[in-house]
Amino acid sequence: QIAIQQRDSASAGWVTPWVERSWRRCLQLGLEPQQTVVFDTVSTQRMQRTREANHRLVNTAKPILESLGRAIVNTRYFAILTNCDGVVIDTSGAIDRSDPRADLITRVGTDLSERSIGTTAISTALAVQQAVWLHRGEHFFNDNSVYSCAGAPVFGPDGVCAGMLDLTGVETVERPALKHLVRRSARSIENSWLLSTGHALVLRLNWPGNQPGDDSDGLLTLDPDGRILGANPTARQMLSLPSETAGQALHASDVFATAWQGLFDAAHRKAHAQELPLWSGLRLQTQAFEAGTQDTPLFSTANAAPGKALKDIQTDMIRKAVKEARGNVAEAARHLGISRATVYRKLGSPKAC
């Protein structure tokens, strides 16, 4: 009966389409909302393989997770990093180990996939491959209605989804604005990972008229012969780059309608950003850096002043979102998952935007 009611709620449009699709997948798996959720861990052998396969991701994410943990320390939320299958590979933040509801889901090796624990921000972010916020009642299993969570996928330099970053709270105030924070933190992990791989040149990309220099830029890495080694998701969208497959590496000359050698010359001269044409007919603002020479300002909650109040951190996040939306408060509010009235209230007045 509960499953039927849940299905009917989805049909009535009371939940977002991606939540509805997840509920239906759970029902197709034979799961029932009233079932007891058991947070199982994977086998020792599988965990060993998972550790080995995700070594680079864990090491790259660790300093960002630590900074993220400090940013959310007063919210009763904590951070979880999983691999692409939803298996926990690292955690951070103030985790109450005396509460099994927090302890069980943060054990390294716990299976948090949709097949195992139903609809969560973790499983849906991996399924739709975009940042999500999940309210308590949107979880498939009744047992999981104590959780509120935000999640964002993490993509490797090859453009393939490598894992998921999640912020979860247990019976605490719901904070949809964390969707913005988790998205920015996932982006920082992606950029750090890309820049930690071997390369000869980094291209920082943005559209003409935008101010370059933060982690919202596209990043592209090249080898000495101009072959594209990796790119962050923003660069892949700008250049319409597919996820890489073995033996199908692209060259800079495949995307830029100009002599690729000039990119290396510009980096050597430490030239300012220049507008370059793409074969698509578009133009991008591009700045080139030789490996190890560029200052790459990645988003980091460590940059916040020590002891900064939570409300000030939230205000900074909202102000940043409004700036990214070029002053469009409605668009910023949609991205943050809050109302326009909340944006105005947090920033003091409409004029503050």
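Visitor: Which helix gives the largest share of the lining of the largest pocket?
Guide: In this predicted model, the lining of the largest pocket draws at least two residues from each of strand S4 (147-155), helix H8 (178-196), helix H9 (233-239), helix H11 (310-324) and helix H12 (329-336). The largest share is six residues, and the element that supplies them is H8.

Visitor: How many residues line the largest pocket, and which of them lie nearest its centre?
Guide: By class, the lining divides into 11 nonpolar, 12 polar and 11 charged residues. The lining has 34 residues, and those nearest the centre of the pocket are Arg183, Arg187, Ser216, Thr234 and Glu324.

Visitor: How much space lies in the largest pocket?
Guide: The space is bordered by residues from S4, H8, H9, H11 and H12, among other contributions to the lining. The volume of the largest pocket is about 1,200 Å³.

Visitor: Which strands stand at the edges of the sheet that contains S4?
Guide: This open sheet has five strands with antiparallel pairing, in the order S2-S1-S5-S4-S3. A strand at the edge has a single partner strand, so one of its sides is left without a neighbour in the sheet. The edge strands are S2 (88-93) and S3 (132-134).

Visitor: What is the bridge partner of Thr82 in S2?
Guide: Strand S1 (residues 77-83) and S2 run antiparallel and are joined by five bridges. Within S2, the partner of Thr82 is Val88.

Visitor: At what angle does helix H7 run to S5?
Guide: Helix H7 (residues 121-128) lies across S1, S3, S4 and strand S5 (161-170). H8 also packs on this sheet, where it touches S1, S3, S4 and S5 and makes about 25 degrees with the direction of S4. For H7 and S5, the angle is about 150 degrees.

Visitor: How are H2 and H7 oriented to each other, roughly parallel or roughly perpendicular?
Guide: Helix H2 (residues 17-28) packs against H7 with the axes 10 Å apart and at an angle of about 105 degrees. Angles from 65 to 115 degrees count as roughly perpendicular. The two helices, H2 and H7, are therefore roughly perpendicular.

Visitor: Which residues of H7 make the contact with H2?
Guide: The residues of this contact comprise three nonpolar, two polar and two charged. From H2 come Trp18, Arg21, Ser22 and Arg25, while the residues from H7 are Thr124, Ala127 and Val128.

Visitor: How much space lies in the largest cavity?
Guide: The model has two cavities of 30 Å³ or more. The largest cavity is lined by 13 residues, with Ile105, Ile117, Thr120, Tyr147 and Thr168 nearest its centre. Its lining has eight nonpolar, four polar and one charged residues by class. The volume of the largest cavity is about 100 Å³.

Visitor: Which strands each supply at least two residues of the lining of the largest cavity?
Guide: Both strands in question belong to the sheet ordered S2-S1-S5-S4-S3. The strands that meet this count are S4 and S5.

Visitor: Which strands stand at the edges of the sheet ordered S8-S7-S6-S10-S9?
Guide: This is an open sheet of five strands with antiparallel pairing. Each edge strand has a single partner strand, so one side of it lacks a neighbour in the sheet. The edge strands are S8 (228-231) and S9 (274-277).

Visitor: Which residue of S7 stands opposite Val202?
Guide: Strand S6 (residues 201-206) and strand S7 (residues 218-222) run antiparallel, with five bridges between them. The residue opposite Val202 in S7 is Thr221.

Visitor: At what angle does helix H10 run to S10?
Guide: H8 lies across S6, S7 and S8, at about 15 degrees to S7. Helix H10 (residues 261-268) lies across S6, S7, S9 and strand S10 (283-290). Between H10 and S10 the angle is about 60 degrees.

Methods
Residues numbered from 1 in each chain as written. Predicted model: local features only at pLDDT ≥ 70, side-chain atom pairs only at ≥ 80, totals over all residues. Heavy atoms only, no water. 1 Å grid on protein atoms, 1.4 Å probe; cavity = no way out; pocket = protein on both sides within 12 Å on 5 of 7 lines; lining within 4 Å. Points joined across faces, edges and corners; volume = space filled by probe spheres on them. Helix = DSSP H or I, 4+ residues; strand = E, 2+ residues; numbered from the N terminus. Nonpolar A, V, L, I, M, F, W, Y, C, P; charged D, E, K, R; others polar. Pairing = 2+ DSSP bridges. Contact = heavy atoms within 4.5 Å. Axes fitted to C-alpha atoms, helices over the stretch in contact; angles between N-to-C directions. Parallel < 35°, antiparallel > 145°, perpendicular 65-115°, else oblique.
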